[in-house]
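This report looks at how the interior of one protein chain is packed, how its charged side chains pair, and where its open and closed spaces lie. The sequence and the coordinates come first, and the description follows.

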Amino acid sequence: MCTALRRISKMTKQEIKLANLNTLADYQEKLCKEPQLRQLFFELTLRCNEACFHCGSSCAANRPDGLPLEKLKEILDEVKQNFGTGVKIALTGGEPLLYPDFFAFTEYIHQQGFRWGMTSNATLITKEVAERLRDTGMNGISVSIDGLQETHDRYRNYPGGYEQAMAGLQNLIDCGGIDAIMVTTVVNHENIREIPALFDIFDHMDINEWRLTGIEPIGRALNFPKMLLTPDDNRWLMEYIKKKREQKYPVEYSCCHFLGLDYEAEVRDWYFLCNAGVYVAAIMENGDVGACLDIPRNSTSVQGNVLQDPFTKIWKERFQFYRTPLSDRNETCKNCPEKRFCRGGSYHSWNFEKNEPRVCFKDVLF
């Protein structure tokens with residue numbers, strides 16, 4: 001009797017999920033026809049004081065800075081005029097704090113009434129920097145911690161990086177007034193064994209969320225195939241996150257990839273929907289316009305350049321690549337029963353040369 005009840009309960013839960021996924025699929029079809037700009041990334045610089053082996057943008061110390069401050073302000077003014085200040089501004093790099101006019105730009109963002117956040121390795125966040133970030137209106141930040149001390153420093157080719165990052169994280173916590181402080185960990189086949197120890201560390205820190213994301217076969221990570229997660233690694237990671245969430249800890253899996261009925265809405269608060277080009281756009285350091293900054297940059301993914309055309313024109317008149325399903329471009333995906341929910345997966349892990357996904361969890365998680 002108990003077994004039968006559990007089976008009925010499970011079926012009911014899956015039926016609810018299927019109904020929600022179908023509703024989302026209908027909504028996404030409408031969204032592709034009527035996109036809503038909700039978040040705009042500014043890649044301020046590709047310079048970075050670290051050189052992570054898995055970096056999707058291949059950032060390093062000798063990479064260029066981005067657009068001049070006056071151009072950034074001009075773009076922001078245009079966004080305010082045409083889309084309003086409800087668009088969330090996200091600053092990234094490289095290490096965005098290395099952009100020479102970083103605080104001049106954040107002050108302008110704040111003055112114009114936008115909410116803004118950033119990604120950072122936190123090594124440059126002293127107490128004074130943390131307070132200035134808060135005072136210029138930073139609402140949220142994602143700090144990258146990719147393992148325990150020796151592992152983190154080795155992955156990032158930066159001795160002392162772990163201690164500096166953890167100090168920067170604590171400075172953010174101590175200064176107060178920042179709505180969301182998040183730690184992001186890129187999980188690979190090696191550091192997955194350190195996840196429980198990292199949880200014990202973060203559990204004693206006043207952070208708002210710990211986000212775990214699997215290493216993606218993009219950027220420099222393509223040179224390290226043995227570091228990619230195995231099917232067993234992925235299953236362990238999902239079960240670990242699911243258990244922590246059941247225990248009410250603020251741990252979640254990243255937004256990428258369709259996970260199947262067992263894990264959708266279990267390891268994160270929402271169902272899979274790739275935001276690229278329908279909610280999210282990005283302006284790259286050279287002025288190119290695309291969607292998620294992890295997407296490989298080529299003639300297909302880049303939609304224009306703000307040095308040649310206004311951002312608004314590019315967003316409204318182009319981006320069709322991001323508003324048609326990737327599954328239409330691949331015969332296997334086109335014939336997959338999950339294509340309505342997956343649509344070919346995340347744009348950042350699409351193989352543009354072979355027109356196929358580099359990551360698919362079919363026959364791994366479902």
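Contact here means heavy atoms within 4.5 Å, and the model to which this is applied is a predicted one.

**Helix 5 and its surroundings**

In that sense of contact, the buried residues of helix 5 pack against strand 4 and helix 6. The residues concerned are Thr-151, His-152, Asp-153, Tyr-155 and Arg-156. Directly after helix 5, the backbone at Asn-157 adopts a positive phi of about 50°.

Arg-156 also takes part in a salt bridge, its side chain meeting that of Asp-146 at 2.8 Å, N to O. This pair ties together distant parts of the chain, since Arg-156 belongs to helix 5 (residues 149–156) while Asp-146 sits in the loop between strand 4 (138–144) and helix 5, the two being 10 residues apart. Arg-156 and Asp-146 are both buried.

**The nonpolar core**

The largest nonpolar core comprises 110 residues, and Phe-42, Leu-133 and Trp-210 are those with the most contacts inside it. Helix 6 (residues 161–175) is the element that gives the most to this core, contributing seven residues. When neighbours within four places in sequence are left aside, the contacts of Trp-210 include the aromatic side chains' residues Phe-199, Phe-202 and Tyr-240, together with Val-183, Ile-195, Leu-198, Pro-250 and Val-251, and also Thr-185 and Glu-252.

**Salt bridges**

Side chains of opposite charge can pair when their charged atoms come close. Across the whole structure, a search finds 21 salt bridges, and three of them are set out below with the distance between the closest N and O atoms.

| Salt bridge | N to O distance |
|---|---|
| Arg-156 and Asp-146 | 2.8 Å |
| Arg-268 and Glu-264 | 2.9 Å |
| Asp-309 and Arg-318 | 3.0 Å |

Are the partners Arg-268 and Glu-264 buried or exposed? Arg-268 is buried, and Glu-264 is buried as well. Salt bridges that share partners also join Lys-13, Lys-17 and Glu-266 into one network. As for Arg-318, its relative accessible area is 27%, and because this value lies between the limits of 20% and 50%, the residue counts as partly exposed.

**The second largest pocket**

The second largest pocket has a volume of about 290 Å³. Its lining consists of 20 residues, and those that lie nearest its centre are Cys-333, Cys-336, Cys-342, Pro-357 and Cys-360. Helix 10 (331–334), helix 11 (339–342) and strand 12 (356–357) are the elements that give two or more residues to this lining, which divides by class into nine nonpolar, six polar and five charged residues.

Glu-331 is found in helix 10, and Glu-331 is classed as exposed because its relative accessible area of 51% is over 50%. Although Glu-331 and Asn-355 are 24 residues apart in sequence, their C-alpha atoms are 9.5 Å apart in space.

**Closed cavities**

How many cavities of 30 Å³ or more does the model contain? The count comes to three, and the largest cavity holds about 70 Å³ of space. The residues lining the largest cavity include Cys-32, Phe-272, Cys-274, Tyr-322, Leu-326, Cys-342, Arg-343 and Tyr-347. By class, the lining of the largest cavity has nine nonpolar residues, two polar and one charged. Cys-342 thus appears in this lining and also among the residues nearest the centre of the second largest pocket.

Key:
Residues numbered from 1 in each chain as written. Predicted model: local features only at pLDDT ≥ 70, side-chain atom pairs only at ≥ 80, totals over all residues. Heavy atoms only, no water. Core = buried A, V, L, I, M, F, W, Y, C linked by side-chain atoms within 4.5 Å. Buried < 20%, exposed > 50% of the residue type's maximum accessible area, 1.4 Å probe, protein only. Helix = DSSP H or I, 4+ residues; strand = E, 2+ residues; numbered from the N terminus. Salt bridge = Lys/Arg side-chain N within 4 Å of Asp/Glu carboxyl O. 1 Å grid on protein atoms, 1.4 Å probe; cavity = no way out; pocket = protein on both sides within 12 Å on 5 of 7 lines; lining within 4 Å. Points joined across faces, edges and corners; volume = space filled by probe spheres on them. Nonpolar A, V, L, I, M, F, W, Y, C, P; charged D, E, K, R; others polar.
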